[in-house]
Amino acid sequence: MVREANVKQAAAEKQLKEAQGKIDVLQAEVSALKTMVLTSTPSSPNRQAHPQLLSPGTRSKGASPRHGGGHTRNKSASWALPLAPGGNLDPPSVSLQPVREDKEMDNVLYAEFLTWKDSPSLDRTSAFLGRIYREDISPCLSFTKSELSQSVQNAVENNSLTIEPVAVSAVPMVKANAIECGGPNVCFSASDRKCALSGMSRSCKHRIKLGDRESYYYISPSSRARITAVCNFFTYIRYIQQGLVRHDAEQMFWEVTRLRREMTVAKLGFYLTDTDQG
């Protein structure tokens, strides 16, 4: 009996050690997530990366997000020069005025967050997630092609959506079909494709795959930015749900709020170019 107990104890210790190793890895990913989100404001963009969202020439398929480069944030106030009626800068004699962003917590939103945090889940019936779905997620993922938009939202919720870069080639794509191109025309290059979500002819340098489906859908940079913003939000709240975020409630709330702002900015059409993303 003593030997059997020792064997069970050794097995339990081994499992505990493996579990602690996994927790360390996930905590490192949480830390990496803080430096890999989208721009905080359109006027002072930060480089961004995401484990699911690959940029051409900067991340190979399957690369670990922990190897992403560091990013800097403009911590100080920006300086604005007033514009004359013709659109030109006023004479240098005009004094420069510092512009600083401040913030104030909304007590109702914070109370909803605290209630959700006590028993975190992805159930949208909670006041916290219900509001975010209504005000941020649904508008951000509402595209012209409504049926595909809903499929994209379902895939994001299930964490089964993949975004990958499209290799730019001058060779005609003979096998391209209506689903892949977002329209009935055969595609010849990234600039000739129609975005499958908006239906507009755009330079589609990325494509998405929904779960185990065989079909790919080419998307424009703007559509990609909107999907990315929602993915970043879901990634963070999943980390909270799994108990991997070691910040206090107020810090978590402000990060959630910042991610909500990213969805609003993306919905309005702002996005980073490949140059911005490095």
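## A tour of strand E4 and the H3–H6 contact

Select Leu-161 first: across from it stands Leu-210 of strand E4. You are looking at a predicted model.

**Strands E3 and E4.** Widen the selection to residues 161-165, which form strand E3. Add residues 206-210, strand E4. E3 and E4 pair in the antiparallel sense, over five bridges.

**The two faces of E4.** Stay on E4 and show its side chains. In a regular strand, side chains alternate between the two faces of the sheet. Here His-206, Ile-208 and Leu-210 make up the covered face. Arg-207 and Lys-209 make up the uncovered one.

**On to E5.** Now select residues 217-219, strand E5. E5 runs antiparallel to E4, and three bridges join them. Pick out His-206 again: opposite this residue, in E5, is Ile-219. Next, follow the hairpin of E4 and E5, with six residues between the strands. Stop at Gly-211, which has a positive phi near 60 degrees.

**The helices.** Leave the strands. Select helix H3, residues 127-140, and helix H6, residues 221-241. Their axes come within 9 Å and cross at roughly 155 degrees, so H3 is roughly antiparallel to H6.

Which residues in H3 and H6 meet? On the H3 side, show Leu-129, Ile-132, Tyr-133, Ile-137, Pro-139 and Cys-140. On the H6 side, show Arg-226, Val-230, Phe-233, Phe-234 and Ile-237. Color this contact by residue type: ten are nonpolar, one is charged and none is polar.

Terms used:
Residues are numbered from 1 along each chain as its sequence is written. This is a predicted model: local features need pLDDT of at least 70, side-chain atom pairs count only at pLDDT 80 or more; totals for chains, interfaces and linings use all residues. Side-chain values use heavy atoms; hydrogens and water are left out. Axes are lines fitted to C-alpha atoms, for helices over the stretch in contact, and angles run from 0 to 180 degrees between N-to-C directions. Helices (H or I, at least four residues) and strands (E, at least two) are DSSP runs, numbered from the N terminus. Angles under 35 degrees count as roughly parallel, over 145 as roughly antiparallel, 65 to 115 as roughly perpendicular and the rest as oblique. Contact means heavy atoms within 4.5 Å. Ala, Val, Leu, Ile, Met, Phe, Trp, Tyr, Cys and Pro count as nonpolar, Asp, Glu, Lys and Arg as charged, and the others, Gly among them, as polar. Buried means under 20% relative accessible area, exposed over 50%, partly exposed in between (1.4 Å probe, protein chains only). Two strands pair if DSSP finds at least two bridges between them.
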